Amino acid sequence: MKDLLPTATAARTRAAVREIIRPHRGVAAAGFGLLIVATSAGLLVQPLLGYVVDLVAGRRPATELTTPVALLVLVGVIQGALTSWGLVLVARFGETALAELRERFVERALALPLERVERAGSGDLTSRVTGDVARVAEAVRAALPALARSLLSIVLTLVAMAVLDWRFMVAALLAIPVQAHTGRWYVRNAVPLYAAQRVATGEQQQQLLDTLAGASTVRALRAEADHLRRVEERSRAAVELTMRGVHLVLRFYSRLHIGEYIGLAAVLAAGVLLVGEGAVSVGTATAAALYFLNLFGPINTTLALLDDAQAATASLARLIGVADVAADPSRQNHGEGVSVRGLGHAYEPGRPVLHDVDLDIEAGKRVALVGASGAGKTTLAKIVAGVHEPTTGTVRAPAGIAMVTQEVHVFAGPLADDLRLARPDATDDDLRAALATVEALEWAEALPDGLATVVGQGGHRLTGAQRQQLALARLVLADPALAVLDEATAEAGSTGARTLERAVERAVEGRTALIVAHRLTQAAGADRVVVMDGGRVVEDGSHDDLRQAGGRYAGHWAAWSRHHAGE
């Protein structure tokens with residue numbers, strides 16, 4: 001079973017929404033205020049039509065129709081203008097709030113420790129990034145303005161019916177119990193259904209991703225039938241939940257119609273009785289009936305939007321669940337240096353790879369990690385960089401950290417855009433300066449279209465050394481307080497490695513750096529060397545001091561020097 005990412009509770013979802021919209025209350029109030037005025041103006045249509053009915057029923061001269069008809073046109077123009085203005089403000093409010101939610105979600109999602117995402121499965125995060133964000137966005141752009149107008153129309157129309165005669169409003173309210181019961185019934189059934197549907201969709205995407213990612217292995221093991229069965233089961237579960245939702249909506253609408261018929265019959269009956277008693281005119285009774293008919297649309301829209309609202313609420317809870325993921329309590333911001341205390345880590349329970357590691361890096365100093373394969377260097381570096389959470393212990397590090405690893409991804413698109421991922425506002429001169437810092441400007445400008453050359457998938461292929469220089473140029477542009485480099489020169493041969501070593505030295509100049517050294521020449525140039533073995537720090541000192549001590553590092557250096565004597 002996957003350990004899915006958290007989903008916020010209903011109370012937390014409401015609280016988070018209030019936090020997001022609080023700074024934008026002014027725009028929201030202005031937008032809803034304009035909609036109230038626009039809706040109030042629109043409610044003059046029914047009395048004016050009733051007045052026209054009374055004029056016609058009284059056989060008044062046709063010239064007397066001029067004024068009410070002109071007023072009807074004026075009301076339409078005013079209502080249209082105010083409604084448009086109000087909807088613009090409501091849309092601005094909704095889009096701003098949505099953008100802030102999306103930014104919070106993306107920020108927390110990118111900060112999630114790698115193993116946390118792996119435990120949940122990439123399908124869970126993918127479904128939230130795509131389906132849940134899209135559903136909430138659709139609700140904000142379409143449902144929020146429609147819901148605001150509908151609720152205002154319902155309330156103000158009932159008030160207008162009471163102004164005509166309170167008995168019309170009472171008659172109209174006879175439909176409310178049926179509609180309220182229908183709404184409660186729908187919400188009670190829809191909330192868990194839509195939550196389950198979103199989870200099933202995430203599991204379906206995860207199974208598809210797992211099957212496609214391991215396609216070669218699946219074919220080699222002749223396990224196609226088994227994986228197809230799993231995909232089919234996940235897809236069937238998602239479809240079944242979707243069909244349950246369709247059936248729920250159909251039953252929902254059928255119950256709504258009953259309430260409409262009850263209310264309309266009651267209003268018409270009240271009109272007949274009141275006109276017969278001489279309490280109201282035929283025109284007033286007509287206006288009341290038109291008011292109730294005018295309620296059909298807003299009420300149906302409001303109740304129908306419960307469908308979108310419940311689906312959006314389920315998606316919103318999943319987004320806020322990730323946006324609220326607490327920062328790693330073992331990590332704290334700490335000036336420009338690094339302090340690691342009692343650090344332990346295990347990828348699998350009972351099989352630790354780090355044991356009680358203590359490490360201090362002074363601000364602006366360069367520390368090299370050295371040790372045999374499996375000593376725990378990369379794990380320690382990734383924990384300091386925030387990629388992994390430690391199992392035990394604490395890490396105090398700067399807020400701004402950038403990591404360059406042996407495996408560098410080149411994004412598809414112009415080289416300049418790839419570089420600007422590190423600093424979107426960088427000018428072309430900034431890009432050239434960063435490339436020059438890591439000795440990459442010459443080959444970058446020699447590309448077919450210079451910095452505009454398309455690289456990455458489908459574009460110009462870069463060598464391993466060029467990819468590493470690109471990553472180091474991003475590091476320069478990002479300008480972090482702490483740079484963590486994990487064998488960033490391992491992809492190059494001897495000649496390329498020397499170029500990359502110079503590039504690394506220039507890229508980390510003036511900043512705190514932790515370097516997992518692939519070549520011991522990097523260790524020789526560091527301020528301190530930390531030797532690891534079996535997940536523990538076994539030596540710590542300067543290059544010269546450790547060589548003279550005759551310990552593990554001295555043996556590593558001697559072997560390295562003999563092997564690379566001819567370089």
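**Exercise 1. A threonine in a long helix**

Thr157 has a relative accessible area of 0%. Is Thr157 buried or exposed, where is its place, and which residues is it in contact with, leaving aside neighbours within four places in sequence?

*Solution.* Keep in mind as you work that this is a predicted model.

- Step 1: Buried means under 20% relative accessible area, so Thr157, at 0%, is buried.
- Step 2: Find the element. Thr157 belongs to helix H6, residues 122-164.
- Step 3: List the partners. With neighbours within four places in sequence left aside, Thr157 is in contact with Leu43, Tyr291, Asn294 and Leu295.
- Step 4: Try a distance too. Val69 is 88 residues from Thr157 along the chain, and 21 Å separates their C-alpha atoms.

**Exercise 2. The partner on the other helix**

Now turn to Asn294. In which helix is Asn294 found, and is Asn294 buried, partly exposed or exposed?

*Solution.*

- Step 1: Asn294 is found in helix H11, which covers residues 282-323.
- Step 2: The relative accessibility of Asn294 is 31%. Partly exposed is the class between 20% and 50%, so Asn294 counts as partly exposed.
- Step 3: Its contacts, again without neighbours within four places in sequence, are Leu43, Gln46 and Thr157.
- Step 4: Asn294 and Gln46 are 248 residues apart along the chain, yet 9.1 Å separates their C-alpha atoms.

**Exercise 3. Reading a short helix**

Look at helix H12, residues 377-385. How many of its nine residues are buried, and what comes after H12?

*Solution.*

- Step 1: Seven of the nine residues are buried, so helix H12 is mostly covered.
- Step 2: Name them. The buried residues of H12 are Lys377, Thr379, Leu380, Ala381, Ile383, Val384 and Ala385.
- Step 3: Move past the end. Gly386 follows H12, and its phi is positive, near 90 degrees.
- Step 4: Go on to Val387, in the loop between H12 and strand E5 (392-397). Val387 has a relative accessible area of 27% and is partly exposed. Between the C-alpha atoms of Val387 and Leu110 there are 9.8 Å, although these positions lie 277 residues apart along the chain.

**Exercise 4. One side of a helix**

Helix H7 spans residues 166-173. Which of its residues are buried, and why are they on the same side of H7?

*Solution.*

- Step 1: Phe168, Ala171 and Ala172 are buried in H7.
- Step 2: These residues are on the same side of H7 because they cover an arc of only 100 degrees around the axis.
- Step 3: Check the start of H7. There, a side-chain oxygen of Asp165 comes within 2.9 Å of the backbone nitrogen of Arg167.

**Exercise 5. Positive phi in two loops**

Which loops hold Glu439 and Asp479, and what is the phi of each?

*Solution.*

- Step 1: Recall the background. Most residues other than glycine have a negative phi.
- Step 2: Glu439 is not a glycine, but its phi is positive, about 60 degrees. Glu439 sits in the loop between helix H14 (428-437) and helix H15 (441-445). At 31% relative accessibility, Glu439 counts as partly exposed.
- Step 3: Asp479 has a positive phi near 50 degrees, and it too is a residue other than glycine. Its loop runs between helix H16 (464-478) and strand E9 (482-486). With 52% relative accessibility, Asp479 counts as exposed.

**Exercise 6. The largest nonpolar core**

Which members of the largest nonpolar core touch the most other members, and which element gives the most to this core?

*Solution.*

- Step 1: The core has 35 residues, and those touching the most other members are Leu415, Leu419, Val438, Leu472, Leu475 and Leu485.
- Step 2: Elements that each supply at least two residues include strand E6 (401-405), helix H13 (415-420) and helix H17 (494-507).
- Step 3: H16 gives the most, with seven residues.
- Step 4: Take Leu475 as an example. Not counting residues up to four places away in sequence, Leu475 touches Ala402, Val404, Pro480, Ala483, Ala507 and Val508.
- Step 5: There is also a second, separate core of 23 residues, with Ala381, Ile383, Val516 and Met532 among them.

Key
Residues numbered from 1 in each chain as written. Predicted model: local features only at pLDDT ≥ 70, side-chain atom pairs only at ≥ 80, totals over all residues. Heavy atoms only, no water. Buried < 20%, exposed > 50% of the residue type's maximum accessible area, 1.4 Å probe, protein only. Helix = DSSP H or I, 4+ residues; strand = E, 2+ residues; numbered from the N terminus. Arc of directions from axis to C-beta. Polar contact = N/O pair within 3.5 Å; in protein donor to acceptor, adjacent residues only side chain to side chain. Core = buried A, V, L, I, M, F, W, Y, C linked by side-chain atoms within 4.5 Å. Contact = heavy atoms within 4.5 Å.
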